[in-house]
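Dear colleague,

Please find below the structure I promised to pass on, together with its sequence. My notes on what was found in it follow.

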Amino acid sequence: MGISGVSCGREHEFVNPLQLLYREEVDLQVATDDGSEGARGFVTELLEGEIASGDAARVYACGPTPMMRRAAEITGKSGLPCLVSL
């Protein structure tokens, strides 16, 4: 399962190649700040939902420092391993 966050839907076209990293079809959830594609809000909100569902095993995050900090806080509370990178 992958989660992607961008400001608006037209930026998402640059995120789609991330699916090439996976060897099989994965569910890619998208969050946009303006709600133009996927869920409206922050990608970390989608992360919280995935962790609450029990489907997350580990988290890899890259992006803005505040987002990575929040991802580390969320995973730290749940005990999931988290690797962040600029």
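Helices and strands are taken here as DSSP runs, at least four residues for a helix and at least two for a strand, numbered from the N terminus. On that basis the protein contains two helices and five strands. Read from the N terminus, their order is β-β-β-α-β-α-β. Please bear in mind that this is a predicted model.

Confidence. The mean pLDDT of the protein is 79, and 70% of its residues reach 70 or more. Among the elements, helix 2 has the highest mean pLDDT, 92, and strand 1 (residues 2-6) the lowest, 68. Where pLDDT is low, the predicted coordinates should not be read in detail.

Overall figures. Of the 86 residues, 31% count as buried. The exposed surface comes to about 5,800 Å², of which carbon and sulfur atoms supply 53%. Among contacts with a separation of 6 or more, 44% are between residues 24 or more positions apart.

Strands 2 and 3. Strand 2 (residues 28-32) is largely enclosed by the rest of the structure, because four of its five residues are buried. Two bridges join strand 2 to strand 3 (residues 39-40), and the two run parallel. In this pairing, T32 stands opposite R40 of strand 3.

Helix 1. Which residues of helix 1 (residues 43-53) are buried? They are V43, T44, L46, L47, E50 and I51. These residues lie on the same side of helix 1, because they cover an arc of only 150 degrees around the axis. An α-helix has 3.6 residues a turn, so residues three or four places apart point the same way. After helix 1 comes G54, with a positive phi near 85 degrees.

One of the buried residues of helix 1, L47, may serve as an example. Its relative accessibility is 10%, so L47 falls under the 20% limit for a buried residue. Leaving aside neighbours within four places in sequence, L47 is in contact with I3, V59, A71 and I74. L47 and I3 are 44 residues apart along the chain, yet their C-alpha atoms are separated by 7.3 Å.

Helix 2 and the loop after it. T75 is found in helix 2 (residues 65-78). With a relative accessibility of 1%, T75 counts as buried. Beyond residues up to four places away in sequence, T75 touches I51, V59, L80 and C82. L80 is placed in the loop between helix 2 and strand 5 (82-85). L80 also counts as buried, at 17% relative accessibility. With residues up to four places away again set aside, L80 touches I51, A56, A57, R58 and T75. From L80 to A57 the C-alpha distance is 6.6 Å, with their positions 23 residues apart in sequence. I51 of helix 1 is thus touched by T75 and by L80.

Cysteines. How many disulfides are there in the model? The count comes to zero, a disulfide being a pair of cysteine sulfur atoms within 2.5 Å. Is C62 buried or exposed? At 60% relative accessibility, C62 counts as exposed. C82, by contrast, counts as partly exposed, at 29% relative accessibility.

With kind regards

Key
Residues are numbered from 1 along each chain as its sequence is written. This is a predicted model: local features need pLDDT of at least 70, side-chain atom pairs count only at pLDDT 80 or more; totals for chains, interfaces and linings use all residues. Side-chain values use heavy atoms; hydrogens and water are left out. Buried means under 20% relative accessible area, exposed over 50%, partly exposed in between (1.4 Å probe, protein chains only). Contact means heavy atoms within 4.5 Å. Accessible areas come from the Shrake-Rupley method with a 1.4 Å probe; for residues, only the protein chains shown count as cover. Two strands pair if DSSP finds at least two bridges between them. The arc is that of the directions from the helix axis to the C-beta atoms. pLDDT is the predictor's confidence in each residue, from 0 to 100.
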